[in-house]
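Here's a quick briefing to read alongside the model. Have the viewer open and follow along topic by topic.

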Amino acid sequence: METLKGLLAIVMTSVLVNNYVLSKFLGICPFLGVSKKTDQAVGMGVAVTFVMLMATAVTYPIQIYLLDPNGLGYLQTILFILVIAALVQFVEIVLKKFIPALHRSLGVYLPLITTNCAVLGVTINNITDGYNFLESMVSSLGCGLGFLLAMVLFAGVRGRMEESNPPKAFQGIPITLVAASIVSLAFYGFIGMFAD
């Protein structure tokens with residue numbers, strides 16, 4: 001029961017307290033670029049969650065069984081980037097074949113998952129936080145769900161902003177960044193809610 005409670009705490013902390021987009025400011029490019037419409041935001045959030053889970057499932061054993069025992073920890077970042085790039089190519093091929101509408105709507109942002117620092121950050125932080133394989137997978141799921149939540153919430157905010165008429169100086173990117181900072185501040189209220 002304690003293990004289940006610990007895993008639930010990892011998920012809730014990853015989603016709300018340590019949200020990679022709103023607290024750690026990783027993955028901002030797709031957050032700002034694909035959050036104009038809710039369906040695109042959901043598609044990107046699901047794709048990033050899938051890539052986070054797959055990247056963790058592949059990179060954790062590489063780190064534990066290949067890099068650490070052979071003193072090759074300095075290759076961590078470059079190997080993890082290569083793994084993530086390969087996984088994104090796989091996701092792109094699958095989406096193009098089975099969900100072409102989503103593939104078209106994500107456009108250039110799908111290949112950007114390769115350089116999405118949130119994915120790389122999750123894989124590296126799971127190891128530096130000392131998580132075992134199960135905890136790493138749960139953390140990745142929580143981080144992916146947190147990314148999805150941030151994307152969907154911000155898509156809703158941007159939908160409301162389309163109906164507003166901000167001053168000319170704030171139209172476009174400025175009001176988007178102000179709105180993103182306010183959404184981020186809302187998540188600041190969750191700090192201290194869950195024990196690490």
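A residue counts as exposed when its relative accessible area is over 50% and as buried when it is under 20%, with partly exposed in between. By that yardstick, Arg160 and Glu163 are both exposed. Keep in mind that this is a predicted model. The notes below start with that pair and then move on to other spots to look at.

**Charges**

- How many salt bridges does the count come to? The count comes to one salt bridge.
- The partners are Arg160 and Glu163, whose side chains meet at 3.9 Å, N to O. The cut-off for a salt bridge is 4 Å, so the pair at 3.9 Å makes it in.
- Both residues sit in helix 7, which spans residues 133-163. Arg160 and Glu163 are three residues apart, or about one turn of the helix.
- Glu92, over in helix 4, is buried yet has no salt bridge.
- Which side chain of opposite charge is nearest to Glu92? That would be Lys96, 6.5 Å away. A salt bridge needs the nitrogen and the carboxyl oxygen within 4 Å.
- Setting aside residues up to four places away in sequence, Glu92 touches His103, Leu110 and Pro111.

**Nonpolar surface patch**

- Phe50, Met54, Phe90, Val94, Phe98 and Ile99 make up a nonpolar patch on the surface. Together these residues have about 540 Å² of accessible area.
- Two elements give two or more residues each to the patch: helix 3 (38-67) and helix 4 (76-98).
- Helix 4 has the largest share, with three residues.
- Phe50 is found in helix 3. Is Phe50 buried or partly exposed? Phe50 is partly exposed, because its relative accessible area is 35%, between the 20% and 50% limits.
- Patch membership calls for over 30% relative accessible area, so Phe50 at 35% clears that bar.

**Cysteines**

- The disulfide count comes to zero.
- Cys29 is in no disulfide: the nearest cysteine sulfur belongs to Cys117 and is 9.2 Å away. The cut-off for a disulfide is 2.5 Å between sulfurs.
- Cys29 is partly exposed, with a relative accessible area of 46%.
- Why is Cys143 without a bond to Cys117? The sulfur of Cys143 is too far for a bond, because the closest cysteine sulfur, in Cys117, is 13 Å from it.
- Cys143 counts as buried because its relative accessibility is 3%, and buried means under 20%.

**Backbone oddity**

- Phe25 has a positive phi of about 55°, although this residue is not a glycine.
- If you want to find Phe25 in the viewer, go to the loop between helix 1 (2-17) and helix 2 (28-33).

**Distances along the chain and in space**

- Tyr65 is found in helix 3 and counts as exposed, because its relative accessibility is 65%.
- Although Tyr65 and Ile127 are 62 residues apart along the chain, their C-alpha atoms are separated by 13 Å.
- Ile64, also found in helix 3, is partly exposed with a relative accessible area of 29%.
- From Ile64 to Val119 it is 18 Å, C-alpha to C-alpha, with their positions 55 residues apart in sequence.
- Ala169 lies in the loop between helix 7 and helix 8 (173-188). What makes Ala169 count as exposed? Its relative accessibility is 65%, and exposed means over 50%.
- Ala169 and Val152 are 17 residues apart along the chain, and their C-alpha atoms are separated by 26 Å.

Notes
Residues numbered from 1 in each chain as written. Predicted model: local features only at pLDDT ≥ 70, side-chain atom pairs only at ≥ 80, totals over all residues. Heavy atoms only, no water. Patch = residues over 30% accessible without salt bridge, like charges linked within 9 Å, V, L, I, M, F, W, Y side chains within 5 Å. Areas by Shrake-Rupley, 256 points an atom, 1.4 Å probe, with all protein chains shown as cover. Helix = DSSP H or I, 4+ residues; strand = E, 2+ residues; numbered from the N terminus. Buried < 20%, exposed > 50% of the residue type's maximum accessible area, 1.4 Å probe, protein only. Lys, Arg positive; Asp, Glu negative; His and termini not counted. Contact = heavy atoms within 4.5 Å.
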